[in-house]
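Student: Could you walk me through reading a protein model, one feature at a time? I would like the general idea each time, and then the case at hand.

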Amino acid sequence: MKDNPNKIWVVARPISVRNPEYSQYNSVAEALSDFDDWTLDTESISRCEVLYRGVTLIQSSRGKVSGAACEQYQQDCSIRSKLPNPQEIVNCEECVQKMMTDYVL
């Protein structure tokens, strides 16, 4: 991540492997889509998070999305409780972009 801090990173932590899987993205939508997919995969992925410049914007653990800057940024979010859900994760894009601007830049 130090090599490319301006990318959006999704870190997936597999259950059976100690080393997390890092993927970098140029697009918030693409990163959130993969985050949602990995969050749904509770049989092989234990945790997943979306990072930007070292700040965890949204995270999941064992299929439940909670915590991170997402929860602090918009405490009354009605979308978070519906995740993981491919139709709902698209509604998070605007909020994540705003967090990137407000918290990190």
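Student: What radius of gyration does the protein chain have, and what would a compact globule have?

Tutor: The radius of gyration is taken over C-alpha atoms, and the globule rule is 2.2 Å times the number of residues to the power 0.38. For 105 residues that rule puts a compact globule near 13 Å, and the protein chain agrees, with 13 Å. Along the principal axes, its C-alpha atoms fill a box of roughly 35 × 35 × 20 Å. Bear in mind that this is a predicted model, in which local features need pLDDT of at least 70 and side-chain atom pairs count only at pLDDT 80 or more, while totals for chains, interfaces and linings use all residues. Residues are numbered from 1 along each chain as its sequence is written, and side-chain values use heavy atoms, leaving out hydrogens and water.

Student: Which elements make up the secondary structure of the protein chain?

Tutor: Helices (H or I, at least four residues) and strands (E, at least two) are DSSP runs, numbered from the N terminus. Here there are four helices and five strands, and from the N terminus on they run β-β-α-β-β-β-α-α-α.

Student: In what order do the strands of the sheet lie?

Tutor: Strands of a sheet pair through backbone hydrogen bonds, either parallel or antiparallel. Two strands count as paired if DSSP finds at least two bridges between them. In this model the five strands form an open sheet in the order β2-β1-β3-β4-β5, with antiparallel pairing. β2 (21-25) and β5 (64-66) stand at the edges with a single partner strand each, so one side of each has no neighbour in the sheet. From one strand to the next, the twist averages 20 degrees. Take β4 (residues 55-61) as a case: its antiparallel pairing with β5 runs over three bridges, and serine 60 has valine 65 in β5 as its bridge partner.

Student: Which helix packs on the sheet?

Tutor: Contact means heavy atoms within 4.5 Å. Axes are lines fitted to C-alpha atoms, for helices over the stretch in contact, and angles run from 0 to 180 degrees between N-to-C directions. Helix α1 (residues 28-40) packs on the sheet, touching β1 (8-14), β2, β3 (45-52), β4 and β5, and its direction makes about 165 degrees with that of β3.

Student: Is threonine 39 in that helix buried or exposed?

Tutor: Buried means under 20% relative accessible area, exposed over 50%, and partly exposed in between (1.4 Å probe, protein chains only). Threonine 39, in helix α1, is buried at 2%. Beyond its neighbours within four places in sequence, threonine 39 contacts Cys48, Ser60, Gly63, Val65 and Pro84. Across the protein chain, buried residues make up 40% of the 105 residues.

Student: How does glutamate 71 in helix α2 (residues 68-73) compare with those cut-offs?

Tutor: Glutamate 71 is partly exposed, with a relative accessible area of 35%. Leaving aside neighbours within four places in sequence, glutamate 71 is in contact with Ser66 and Arg80.

Student: How many disulfides are there?

Tutor: A disulfide is a covalent bond between the sulfur atoms of two cysteines. The rule used here asks for a pair of cysteine sulfur atoms within 2.5 Å, and the count comes to zero. Cysteine 70 is in no disulfide, and its nearest cysteine sulfur, that of cysteine 77, is 5.7 Å away. For cysteine 92, the closest cysteine sulfur is also in cysteine 77, at 5.9 Å, too far for a bond. Cysteine 70 counts as buried at 7% relative accessibility, and cysteine 92 is buried at 8%.
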